[in-house]
Amino acid sequence: MATGFPASTGDVLSAPMFNELVQYTINTQSGTTYTLASTDQYQVLVITSNASAKTVSIPTDATTNFGIGTAITILNTGTADTTISATTPGTTTVTSAGAVSASPVVGQHKAAVCIKTAANTWRVVGAVA
């Protein structure tokens, strides 16, 4: 997580903290499955890098309650696709403008952003199939 996030009332933003605000913290995931965590918000780039098909899951609010407006960026560097889905599809809704709205797929060297728009509701935008 980038230094300085999350900030609290009364915190002082130092020059090094301010300079890091324009950088991503890298979270490389080399396995075939990964569930987003609270540490993936605030300027974090989740990189998937496995040659096999991968799944990035978005947890329910009961598990990890991201704030509405949270944006998490996913970059696929592996040779196979990365599918973004809900950990519990009946509770959490994940949609996109891709071919399969409920299961957006990110191809190799493509990126997408998962944006929380309401309770248990996420939109995935970017290079999705």
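Two strands are taken to pair if DSSP finds at least two bridges between them. Helices (H or I, at least four residues) and strands (E, at least two) are themselves DSSP runs, numbered from the N terminus. With these terms in hand, a tour of the fold can begin. The model is a predicted one, in which local features need pLDDT of at least 70 and side-chain atom pairs count only at pLDDT 80 or more, while totals for chains, interfaces and linings use all residues. Residues are numbered from 1 along each chain as its sequence is written, and side-chain values use heavy atoms, with hydrogens and water left out.

The secondary structure of the chain comes to one helix and ten strands. Read along the sequence, the pattern is α-β-β-β-β-β-β-β-β-β-β, and the strands are shared out between two sheets, described in turn below. As background, strands of a sheet pair through backbone hydrogen bonds, either parallel or antiparallel.

One open sheet is built from six strands in the order β1-β3-β5-β9-β10-β7, with mixed pairing. Its edges are formed by β1 (25-29) and β7 (93-96), each of which pairs on one side only. Neighbouring strands of this sheet are turned by 25° against each other on average, direction ignored; here axes are lines fitted to C-alpha atoms, for helices over the stretch in contact, and angles run from 0 to 180 degrees between N-to-C directions. At one end of the strand order, β1 and strand β3 (residues 44-48) pair in the parallel sense over five bridges. Within β3, I47 is the bridge partner of T28.

The other open sheet has four strands in the order β2-β4-β6-β8, and its pairing is mixed as well. The edge positions belong to β2 and β8 (105-106), each with a single partner strand, so one side of each is left without a neighbour in the sheet. β6 and β8 run antiparallel and are joined by two bridges, with T82 standing opposite V106 in β8.

Side-chain pairs add links between separate parts of the chain. The structure holds one aromatic pair, a term for rings of Phe, Tyr and Trp (its six-membered ring) whose centres lie within 6.5 Å; planes under 30 degrees apart count as stacked, over 60 as edge-to-face and the rest as tilted. F66 and W122 form this pair in an edge-to-face arrangement, 5.4 Å centre to centre and with 90° between the planes. F66 belongs to the loop between β4 (54-58) and β5 (71-76) and W122 to strand β10 (residues 121-126), so the pair ties together parts that are 56 residues apart in sequence. Both F66 and W122 are buried, where buried means under 20% relative accessible area, exposed over 50%, and partly exposed in between (1.4 Å probe, protein chains only).

The loop between β4 and β5 also takes part in a salt bridge. One salt bridge is found in a search of the whole structure, defined as a side-chain nitrogen of Lys or Arg within 4 Å of a carboxyl oxygen of Asp or Glu. The partners are the side chains of D61 and K116, at 2.8 Å from N to O. Because D61 lies in that loop and K116 in strand β9 (residues 110-118), the pair ties together parts that are 55 residues apart in sequence. D61 counts as buried at 16% relative accessibility, and K116 is buried at 2%.

T92 sits in the loop between β6 (82-86) and β7 and, at 1% relative accessibility, counts as buried. Leaving aside neighbours within four places in sequence, T92 is in contact (heavy atoms within 4.5 Å) with I58, P59, T60, A86, N120 and W122. With N120, the T92 side chain makes a side-chain polar contact of 3.3 Å; such a contact is a pair of N or O atoms within 3.5 Å, where within protein one must be able to donate a hydrogen and the other to accept it, and residues adjacent in sequence count only if both atoms are side-chain atoms.

Backbone angles complete the picture. Most residues other than glycine have a negative phi. N120, in the loop between β9 and β10, has a positive phi of about 55° although it is not a glycine, and N120 is buried, at 16%. Q43, in the loop between β2 (33-35) and β3, likewise has a positive phi, of about 65°, but Q43 is partly exposed, at 30%.
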